[in-house]
Amino acid sequence: MSRAQRLLDLIQVLRQHRRAVAGAVLAAELGVSLRTVYRDIETLKAQGAHIEGEAGIGYVLRPGFMLPPLMFSEEEIEALVLGSRWVSERADGVLGKAARNVLAKIGAVLPDDLKAGIEASGMLIGPGTPIPARDDELATIRRAIRSEHKIHVSYADELGNATERTLWPIALAFYDRVRVLVAWCELRQSYRHFRIDRIATLQGIAEKYPGRRAKLLKEWHAVQGVPEQ
């Protein structure tokens with residue numbers, strides 16, 4: 001285990017205890033020696049952690065301490081790399097660029113031993129069927145989702161029948177081959193799913209839809225029987 005990982009684990013264990021916890025208990029939970037626990041506590045204190053207590057009494061971490069360079073475990077870094085690479089390859093260009101920027105920012109604050117995990121990660125994304133970019137439409141939809149605004153679309157179903165619809169966009173689903181908008185449809189007065197590649201035209205509307213998106217999304221999960229993520 002790297003030193004950075006060990007310090008992060010110690011912070012996490014201390015956060016799980018509201019009351020003072022003995023050094024021996026910390027050592028047992030972390031699988032390290034008691035001497036290592038004492039040394040790591042002093043290191044964290046020097047970096048600004050508000051840890052109260054002493055040997056023989058126990059230690060407690062007061063709220064408010066963040067340690068950005070140590071905020072990710074090795075598994076969490078692998079998850080971030082894998083997710084960012086998937087977004088970079090399978091989402092639209094704007095999100096792909098954002099994903100690459102996220103990895104660069106994370107790498108800039110990680111200690112060297114963890115930074116190497118990003119640069120030499122074995123987490124790879126396999127090739128897939130190319131998806132039409134539709135960057136402008138996806139950017140408009142994401143803005144509408146964030147701001148809880150309506151959108152107007154011209155949409156063609158699987159048979160090619162075209163309709164004009166006013167939608168309340170609440171979520172975007174990214175699949176390997178398609179992207180799907182989840183929305184309340186004013187025309188059908190129910191939740192509907194719209195493939196982005198079947199949207200002929202899309203226009204944002206300067207009008208908020210009634211209700212909060214979080215509540216609508218929760219209702220959609222219940223109606224569709226889809227587990228919340």
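In this predicted model, one side of helix 8 is open: Ala214, Lys215, Lys218, Ala222 and Val223 are exposed there. On the other side, Leu216, Leu217, Trp220 and His221 are buried. Viewed down the axis of helix 8, the buried residues fall within an arc of 145 degrees, so they line one face of the helix. The cover over these buried residues includes strand 4 (162-174), strand 5 (179-185) and strand 6 (190-195). The length of helix 8 works out nicely too. With twelve residues (213-224) at 1.5 Å a residue, a span of 16 Å is expected, and the end C-alpha atoms are indeed 16 Å apart. Just past the end of helix 8 comes Gly225, with a positive phi of about 70 degrees.

Helix 7 (residues 135-147) can be described in much the same way. Its 13 residues reach 18 Å from the first C-alpha to the last, close to the 18 Å expected at 1.5 Å a residue. The residue that follows helix 7, Glu148, has a positive phi as well, near 60 degrees. The buried set in helix 7 consists of Leu138, Ala139, Thr140, Ile141, Arg142, Ala144 and Ile145. These buried residues pack against quite a list of elements: helix 5 (93-109), strand 3 (149-156), strand 4, strand 5, strand 7 (199-208) and helix 8.

One member of that buried set is worth a separate look, namely Arg142 of helix 7. Its relative accessible area is 14%, and since the cut-off for buried is under 20%, Arg142 counts as buried. With residues up to four places away in sequence left out, Arg142 touches Asp92, Val94, Leu95 and Leu172.

Turning to the N-terminal part of the chain, helix 1 (residues 3-16) and helix 2 (residues 23-30) pack with their axes 10 Å apart, at an angle of about 125 degrees. That angle makes helix 1 oblique to helix 2, and the crossing of the two is right-handed. On the helix 1 side, the contact is made by Asp9, Leu10, Val13, Leu14 and Gln16, while helix 2 brings in Leu26, Glu29 and Leu30.

Of these, Leu26 in helix 2 can be followed further. Leu26 is buried, with a relative accessible area of 0%. Apart from neighbours within four places in sequence, Leu26 is in contact with Leu10, Val13 and Leu14, and also with Val21, Val37, Ile41 and Tyr59. As for how Leu26 sits relative to His149, the two are 123 residues apart in sequence and 50 Å apart in space, C-alpha to C-alpha.

The loop between helix 1 and helix 2 holds Ala20. Here the relative accessibility is 49%, so Ala20 counts as partly exposed, given that exposed means over 50%. Setting aside neighbours within four places in sequence, Ala20 is in contact with Gly58, Tyr59 and Val60. Tyr59 therefore turns up in the contact lists of both Ala20 and Leu26, going by heavy atoms within 4.5 Å. Ala20 and Ile51, for their part, are 31 residues apart in sequence, with 9.7 Å between their C-alpha atoms.

Technical notes: Residues numbered from 1 in each chain as written. Predicted model: local features only at pLDDT ≥ 70, side-chain atom pairs only at ≥ 80, totals over all residues. Heavy atoms only, no water. Helix = DSSP H or I, 4+ residues; strand = E, 2+ residues; numbered from the N terminus. Expected span 1.5 Å × (residues − 1). Buried < 20%, exposed > 50% of the residue type's maximum accessible area, 1.4 Å probe, protein only. Arc of directions from axis to C-beta. Axes fitted to C-alpha atoms, helices over the stretch in contact; angles between N-to-C directions. Parallel < 35°, antiparallel > 145°, perpendicular 65-115°, else oblique. Left-handed = near helix turned anticlockwise from the far one by under 90°.
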